[in-house]
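Reader: I would be grateful for a close look at one part of this model, namely the enclosed space inside the protein and what lines it. Please then relate the account to a neighbouring topic of your choice, the strand pairing.

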Amino acid sequence: MSPNSFVLKGDICYSNSLTEINTVPNGYLVCVDGISKGVFQEHPADYANLPLLDYTGKLVTPGLVDLHVHAPQYAFRGLGMDLELLDWLHTHTFPEEAKYKDLAYAKKAYTRFVDDVKHGPNTRAIIFATLHKDATKLLMDLLEESGLNTMVGKVNMDRNGTTELQEESAEASARDTRAWLDETAGRYKRTKPILTPRFIPSCTDQLMHNLKEIQEEYKLPVQSHLSENQGEVAWVKELCPGSAGYGHAYDDFGLFGGDRCPTVMAHCVLSDEDESALMKKNGVYVAHCPASNTNLSSGVAPIRRFLNEGLHVGLGSDIAAGTHTSIFAAMADAIRVSKLRWRLADTSLSPLTAAEAFYLGTIGGGSFFGKVGSFAPGYECDAIVVDDTRYTAADERSLIDRLERTIYLSEDRDVVHKFVQGAQVF
């Protein structure tokens, strides 16, 4: 029998839908070859031969999914929070990312990032690296060793950077991207590449054309930024006068969703109804990053409208504009900022509930990876075990109450076990 096969006993919570959480006290989660066979109230006789992992009294939930995080920015979290996006990039982000040309520095910084994520509640992540090919490979090596399941992108940017952080041409950027893809092909089981134009202002038209060719050749998903900040949106209008909008600028190059180009766009704070209609049509995922959007004064994304319109939405930590890697923190922040938008901007868009935020942080983002984020039969078995006794006695609250308190009160130290595709990380 595969070591990724077991029965896990505990107080189990997972989303049935956007608004409904399934709770099974003292339940049994069955995992066979890394795939969930479902959750049962009694120990199923058909799986009596599997090892029993007894976590009685502890919360068991699907692993959390971070749809948007910048690994090289981990080293300067908490700096520049009085700046808006474009000033923050030039003051803090670009100087920091330039350091990753030095592989010794990159290894030290990326090791700290990976160790943090490994020991928290997140089991999946979609990650920006830097434009440096070798440092990106190093990050992928570290992530593969960690046991996490991730997508990682070598950043592309051939304009509007700095002397120290900008590729010399569209051709050089494309050449390095192909070399990175070829050198990492077949090297990993859990770490996959994702095409990563930083954002429209960082990429010339020629580079975007080149990236589309690469995307089609290597059949890659895409990640980037969309409609985050007022200054950024105005800048895109100047740079792309022939496009109908920011999202359309990506779409004009064929890098905005569709059946053959799965795409995650971070932020979407200022996406209007036309842009969100295009996102829905193309199946583009929104990575909602509430902490980042608050810290850089970008605003509050209209997540309730996106959900009402049927868009795919997940959560992102957006380190380092966000400050905590845990997607539990992003859940709490998403609820908070939705209340502010409802109270101060649009009372027709009701705030998010804890159940909805939990959905976004599990199956909402997890579905970008496939059948991920649930314990329903057929889903990949990513799970975390949370000891919540530090802030909630197990016999004093319902599982729904305990889960909500975990969203707001848990810390990484409360995550005592983690499984990714059935393999125990710790």
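Author: In this predicted model, the count of cavities of 30 Å³ or more comes to three. The largest cavity holds about 120 Å³ of space. Its lining consists of 14 residues, and those closest to the centre of the cavity are H70, L85, L89, H225 and E228. Two elements, β5 (64-70) and α1 (85-98), each give two or more residues to this lining. The largest share comes from α1, which supplies three residues. Sorted by class, the lining of the largest cavity comprises six nonpolar, five polar and three charged residues.

The second largest cavity encloses about 70 Å³ of space. The residues that line this second cavity are V300, A301, P302, I303, R304, S338, R341, L349, S350, P351 and L352. Here the elements that contribute two or more residues are α10 (303-309) and α11 (327-344). By class, seven residues of the lining of the second largest cavity are nonpolar, two are polar and two are charged. Among the residues of this lining are I303 and R304, and the span of α10 is 303-309. S338 and R341 also belong to the lining, and the span of α11 is 327-344.

The method behind such a search can be put briefly. Rolling a probe the size of a water molecule over the atoms shows where empty space is left.

The strand pairing may be followed from strand β13, which comprises residues 285-288. Both faces of β13 are covered. On one side Y285 and A287 are buried, and on the other side V286 and H288 are buried as well. Strand β12 (residues 263-267) pairs with β13 in the parallel sense, over three bridges. Within this pairing, V264 has Y285 of β13 as its bridge partner. Between the two strands the chain passes through helix α8 (residues 273-282), and the resulting β-α-β crossover from β12 to β13 is right-handed.

Strand β14 (residues 312-315) also pairs with β13 in the parallel sense, in this case over four bridges. The bridge partner of Y285 in β14 is H312. Y285 is thus a point at which both pairings can be traced: Y285 is the bridge partner of V264, and H312 is the bridge partner of Y285. Y285 is itself one of the buried residues of β13.

Technical notes
Residues are numbered from 1 along each chain as its sequence is written. This is a predicted model: local features need pLDDT of at least 70, side-chain atom pairs count only at pLDDT 80 or more; totals for chains, interfaces and linings use all residues. Side-chain values use heavy atoms; hydrogens and water are left out. Buried means under 20% relative accessible area, exposed over 50%, partly exposed in between (1.4 Å probe, protein chains only). Two strands pair if DSSP finds at least two bridges between them. A crossover is right-handed if, with the strands pointing away from the viewer, the path from the first strand over the helix to the second runs clockwise. On a 1 Å grid over the protein atoms alone, a cavity is a set of points where a 1.4 Å probe fits but cannot get out, and a pocket is an open set with protein on both sides within 12 Å along at least five of seven lines; lining residues have an atom within 4 Å of a point. Grid points are joined across faces, edges and corners, and a volume is the space filled by probe spheres set on the points. Ala, Val, Leu, Ile, Met, Phe, Trp, Tyr, Cys and Pro count as nonpolar, Asp, Glu, Lys and Arg as charged, and the others, Gly among them, as polar.
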